[in-house]
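These are my notebook entries on a structure I was asked to look through. I recorded each look-up in the order in which I made it.

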Amino acid sequence: MTLLVLGLSGPVLATGPAHAAGPDIGRPADAPLRAAFDAAAQRYDVPRDLLVALGYAETRLDGHGGQPSASNGYGIMHLTSNPQVRTLDEAATLTRLDRQTLRTDPAANVTGAAAVLRSYADRAGLTAAQRADIDHWYGPIVRYGGANGPALDRLYADTVYDLLASGLTAPGTGLAVQARPVTPERGELAGVAAPGTGDVGTMSTDYGPAAWVPASTSNYTVSSRPSSYRINYIVIHVTQGSYSSAINWFQNPAAQVSAHYTFRSSDGAVTQSVREKDIAWHAGNWTYNTQSIGIEHEGYVDNPAWFTDTMYRASAALTRTLADRYGIPKDRTRIIGHNQVPGATHTDPGPNWNWNYYMQLVTGSGSTTGTGTVNTEGSSLNVRSGPGTGYSIVGSVADGAVVTIYCQTTGTTVTGTYGTSNIWDRIGTGRYISDAYVLTGHDGFIPGGPRC
Ligand SMILES: [Zn+2]
């Protein structure tokens, strides 16, 4: 907004603690899942927050109605039954619950995971005192992930401990973990480089920002593209599983699938599994496999929470680079979803994938971001989880702060420093502020700027 109207303090100004507990914590409807975690933690003497962080890393605590992930994992704890990982089968043995119940009942799923983790702790010789210390569970978490080697072991377990360190809130579940300092006992893995640390051998030689974790040679075809096959397409996928489980699955000779690149939801990190010259098996169509680069995105098609702004931007940067490198037109006839491949049985990336936004970022035809200056005449400005005063407060920005505006949308009408407006600016993933307090140099939407 530019129209200067003197100073009404609107309803979006922060008046209380900026980080007050959100309304999702402690709703009665959320009690069953919380009770399930509490009961499983107590029954098997596994730290409750460890269980929650593990479930959040695997599925964002979304059980997807018992539908399997790409690597045949089930429920919010991703209990798995494939040729390499047998946590579902182990849970059935330990709990005497049948597999169908473990797959589909959230409380049973959590109980099963707790039983498996406790059995790993016992086999590792953890004492009761050690079980009470969350830092001693690194080994059992590694084993639960069932990765193929030490680098992915680190990736898997570090993801869980990073969540314990940062804390988490899972909207709609009533579950949260308070941030805490962690110093996990990594044992033999302490000296192992996690993927993407910048060390020689852990980074991609095709694309600088990517870590390098090669797929099993059983899961792709060696080639010499682009001389052997012209690369005409970029195919966009969603993993139906976590970042680490997807990369791990590509290393499993039984998978018979792979992709060139996989992106992480939380921060846009990327790992390459197949060299661009080689043919990854991702499209389910040999002609398209030979002519394409496959890019996976962490998440599930039915849960838009995974599709973060950070991941869109990081992925679009790769797609732009690939299109330039191989002369691929930057349009939707060549940058396609898996669902657009002839004969595709997969629906990814699905209706929650924002193609308009993604292609804006890829083509750069609109500015990828805007900039604004917050003016509240003193108070800090509330940051909301969505474009409206009805959304929960997730933070605040100070008067005078310069913000990056990733996109703009309409929401509730607010009267602020610059007049009355229903435009909201997204300044981060799940972070919105009213444009009525932001000097952008434009009335209304930023011309050519990205819309949410
Ligand atoms: Zn796919």
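How many of the eight residues of helix α7 (residues 138-145) are buried? I noted at the outset that the model is a predicted one. I then counted eight of eight as buried, so helix α7 is largely enclosed by the rest of the structure.

**Entry: α7 and what surrounds it**

I listed the buried residues of α7 as Tyr138, Gly139, Pro140, Ile141, Val142, Arg143, Tyr144 and Gly145. I next looked up what covers them and found, among the elements, α2 (48-59), α3, α5, α8 (150-166) and α9 (243-250). After α7 comes Gly146, for which I read a positive phi, near 60°.

**Entry: α9**

Since α9 appears in the cover of α7, I examined α9 in turn. I found α9 mostly covered, with eight of its eight residues buried. I recorded these as Tyr243, Ser244, Ser245, Ala246, Ile247, Asn248, Trp249 and Phe250. The cover over the buried residues of α9 includes α7 and α8, and also the strands β1 (73-74), β8 (261-263), β9 (270-272) and β11 (292-297).

**Entry: α5 against α3**

I turned to α5, which is also part of the cover of α7. I found that the axes of α3 (residues 87-95) and α5 (residues 106-123) come within 8 Å and cross at roughly 90°. I counted angles of 65 to 115 degrees as roughly perpendicular, and α3 and α5 are therefore roughly perpendicular to each other. On the α3 side I noted Thr87, Glu90, Ala91, Leu94 and Thr95 in the contact; on the α5 side, Thr111, Gly112, Ala113, Ala115, Val116 and Ser119. I sorted the residues of this contact into five nonpolar, five polar and one charged.

**Entry: α5 against α1**

I then examined α1 (residues 31-44), which packs with α5 at an angle of about 25°, the axes being 9 Å apart. Angles under 35 degrees count as roughly parallel, and α1 and α5 are therefore roughly parallel to each other. I recorded the crossing of α1 past α5 as right-handed. From α1 the contact takes Pro32, Leu33, Ala36, Phe37, Ala40, Ala41, Arg43 and Tyr44, and from α5 it takes Pro106, Ala107, Val110, Thr111, Ala114, Ala115 and Arg118. I sorted the residues of the contact of α1 with α5 into twelve nonpolar, one polar and two charged.

**Entry: the nonpolar core**

In soluble globular proteins, nonpolar side chains tend to be buried together. I found that the largest nonpolar core here has 122 residues, and that Leu51, Ala53, Ala113, Ala114 and Ile234 have the most contacts inside it. I followed up Ala53: with residues up to four places away in sequence left out, Ala53 touches Val160, Leu163, Leu164, Leu168 and Val177.

**Entry: Asn375**

I located Asn375 in the loop between β13 (370-374) and β14 (381-384). Is Asn375 buried or exposed? I counted 20 C-beta neighbours inside 10 Å, so Asn375 counts as buried. Beyond its neighbours within four places in sequence, Asn375 is in contact with Asp399, Thr417, Tyr437 and Leu439. I also noted that Asn375 and Ala398, 23 residues apart in sequence, are 8.6 Å apart in space from C-alpha to C-alpha.

**Entry: the chain overall**

I closed with totals for the protein chain, which has twelve helices and 20 strands. Of its 452 residues, 49% count as buried. Among contacts with a separation of 6 or more, I attributed 65% to residues 24 or more positions apart.

How values were computed
Residues numbered from 1 in each chain as written. Predicted model: local features only at pLDDT ≥ 70, side-chain atom pairs only at ≥ 80, totals over all residues. Axes fitted to C-alpha atoms, helices over the stretch in contact; angles between N-to-C directions. Helix = DSSP H or I, 4+ residues; strand = E, 2+ residues; numbered from the N terminus. Parallel < 35°, antiparallel > 145°, perpendicular 65-115°, else oblique. Contact = placed C-beta atoms within 7 Å. Nonpolar A, V, L, I, M, F, W, Y, C, P; charged D, E, K, R; others polar. Buried ≥ 20, exposed ≤ 12 C-beta atoms within 10 Å, placed from the backbone. Core = buried A, V, L, I, M, F, W, Y, C linked by C-beta atoms within 7 Å. Left-handed = near helix turned anticlockwise from the far one by under 90°.
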